[in-house]
Amino acid sequence: MRVAMIGTGYVGLVSGACFADFGHVVTCVDKDEGKIERLRQNVIPIFEPGLDDLVASNVRDGRLKFAVDGAEAIRQADAVFIAVGTPSRRGDGHADLSYVYAAAEEIAGLIEGFTVIVTKSTVPVGTGDEIERIIKARRPDADFAVVSNPEFLREGAAIDDFKRPDRVVVGTDSERARLVMAELYRPLNLNDTPILFTGRRTSELIKYAANAFLAMKITFINEMADLCETLGADVQQVARGIGLDNRIGPKFLHAGPGYGGSCFPKDTLALVRTATDAGSPVRLIETTVQVNDARKRAMASRVADALGGNVAGKTIGVLGLTFKPNTDDMRDAPSLDIVPELQKAGAIVKAFDPEGMDEAAKLLPDIQYCSGPYEAITGADVVLILTEWNQFRALDLDRVKLLMSQPIMVDLRNVYSAPELKVRGFAYHSIGRPTQD
Ligand code: UDX
């Protein structure tokens, strides 16, 4: 089938490249000429493992193209995907839908023949109705259907999540649109992926409900971690103990400094706004947002505690700045709360992140960026692990101790364990686990 993908962020680019890899002919469209030019040179603007090869092979096979002017691709498309950004609107937390509606206006002027318009971006419940209204107003004659098809892609695992999803959700009441969507995702039939067809508003809500539930699950285990610290229990064992119940499941029960990223913070806030406006507030998610924000801010005090209460003049070696491993994305990363708080208290911060330092330098300019973990640790009074990159999982701890001014580790991702650090003479602080052996 012929697909036009509007927006080449990590959702649009990954979805477009994967649809091409399924055998469809895809044109990814973006207003940013520089970005399109770089994509044509196979310069991928985001760090997503495997994406450069996937793009290159599908461009080479003629199934994937890039364009600034989407007119021709939209005219010829069987399906036009809207995969533009829906950031939190300044000030009130609602999703900013200006890019979505601009895309709808552009599509309205171009569609010929029956066309399925698909919202792939995360959009508040009811957005599909508004897109339908915009297009109908502009083109009462047009033969189209607006469909919701939310993505469930995790950064760093986006290609695998697209090609081997737990499910595909499609929201439409149009039988013709349903056939088009089934054909688009037909290659997934090979591994029996369930395709769930629902109403459009239901599909839009499924996306928010999924992210909000995952954010709440993480916040739950983070609160259990704090309780473990006061009760002398071990949160990793608690996570394992509850996770073996298949009604709970083991995933997303890793306690840490709080969730970040481009989705959970914005989607939880947008859901809270939608629910409040609808007169049916989601108080569990309101609390999740508040608890998570407070947690990220509170993490800096753990470093101060590890240094006897005062970080002024101390050097802190930070390992990891991105909101999670295998991405260069800094959006709402805990480091953006923790590092400025430490600097405000007089700490000197050195840092290393395998992929995120270019992005981080725009947001955290007063850090000494290092070429590797050992440089960041050299001369440090405390090593602070903020992101669980694999590069940090097997450090030469004897070398670390020699390089540091004093052997103190604050491990906010529970990468290491107290016994292996204590035996080397480290003062070791982690999340939700006793500092004793
Ligand atoms: C998330 C959803 O997983 C994905 O389905 C949706 O489409 C987009 O948002 P992403 O934000 O890329 O994906 O990352 P994810 O792996 O979900 O992690 C989100 C945040 O939660 C990160 O800050 C991560 O560090 C944190 N997290 C995750 C935990 O603190 N503990 C966990 O057990 C899992």
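This report walks through one predicted model, from the overall chain to a central trio of strands and a few salt bridges.

**The chain as a whole**

Start with the big picture: the secondary structure adds up to 17 helices and 14 strands. The radius of gyration is 24 Å against the 22 Å that the globule rule gives for 437 residues, so the chain is as compact as a globular protein of that length. Along the principal axes, the C-alpha atoms fill a box of roughly 75 × 50 × 45 Å. Buried residues account for 53% of the 437 residues. If you look at contacts with a separation of 6 or more, 73% of them join residues 24 or more positions apart. On the outside, the chain exposes about 19000 Å², and carbon and sulfur atoms supply 51% of that area.

**Strand S5 and its neighbours**

Now zoom in on S5, residues 115-119. How many of its residues are buried? The count is 5 of the 5, so the strand is largely enclosed by the rest of the structure. In a regular strand the side chains alternate between the two faces of the sheet. Here, Thr115, Ile117 and Thr119 point one way, while Val116 and Val118 point the other way, and all are buried.

S5 has a parallel partner in S4 (residues 79-82), with 4 bridges between them. In that pairing, Ile82 sits opposite Thr119. To get from S4 to S5 the chain passes through helix H5 (residues 98-108), making a right-handed β-α-β crossover.

S5 also pairs in the parallel sense with S6 (residues 144-148), this time over 5 bridges. Thr119 shows up again here, with Ser148 as its bridge partner in S6. The route from S5 to S6 runs through helix H6 (residues 127-138), and this β-α-β crossover is right-handed too.

**Salt bridges**

The model has 31 salt bridges by the distance rule. Three that link residues far apart in sequence are listed here.

| Pair | Closest N to O | Sequence separation |
|---|---|---|
| Arg201 and Asp129 | 2.4 Å | 72 residues |
| Arg331 and Glu155 | 3.7 Å | 176 residues |
| Arg295 and Asp226 | 3.1 Å | 69 residues |

Take Arg201 and Asp129, whose closest N and O atoms are 2.4 Å apart. Arg201 belongs to helix H9 (residues 200-231) and Asp129 to H6, the helix of the S5-to-S6 crossover. Both ends are partly exposed, Arg201 at 45% relative accessibility and Asp129 at 29%. The two also belong to a salt-bridge network that takes in Glu132, Lys136 and Arg200.

Arg331 and Glu155 form a salt bridge at 3.7 Å. Arg331 is in the loop between strand S9 (315-319) and helix H13 (335-344), and Glu155 is in the loop between S6 and helix H7 (158-163), so the bridge ties together parts that are 176 residues apart in sequence. Arg331 is partly exposed at 46% relative accessibility, whereas Glu155 is buried at 6%.

With Arg295 and Asp226, the N to O distance is 3.1 Å. Arg295 lies in helix H12 (residues 283-306) and Asp226 in H9, so this pair ties together parts 69 residues apart in sequence. Is the arginine end buried or exposed? Arg295 is buried, with a relative accessible area of 7%, while Asp226 is partly exposed at 32%.

**Helix H17**

One last stop is Ala418, in helix H17 (residues 418-422). At 7% relative accessibility, Ala418 counts as buried, the cut-off being under 20%. Its C-alpha is 8.2 Å from that of Ser430, which is 12 residues away in sequence.

Note on methods. Residues are numbered from 1 along each chain as its sequence is written. This is a predicted model: local features need pLDDT of at least 70, side-chain atom pairs count only at pLDDT 80 or more; totals for chains, interfaces and linings use all residues. Side-chain values use heavy atoms; hydrogens and water are left out. Buried means under 20% relative accessible area, exposed over 50%, partly exposed in between (1.4 Å probe, protein chains only). Helices (H or I, at least four residues) and strands (E, at least two) are DSSP runs, numbered from the N terminus. Two strands pair if DSSP finds at least two bridges between them. A crossover is right-handed if, with the strands pointing away from the viewer, the path from the first strand over the helix to the second runs clockwise. The radius of gyration is taken over C-alpha atoms; the globule rule is 2.2 Å times the number of residues to the power 0.38. Contact means heavy atoms within 4.5 Å. Accessible areas come from the Shrake-Rupley method with a 1.4 Å probe; for residues, only the protein chains shown count as cover. A salt bridge is a side-chain nitrogen of Lys or Arg within 4 Å of a carboxyl oxygen of Asp or Glu.
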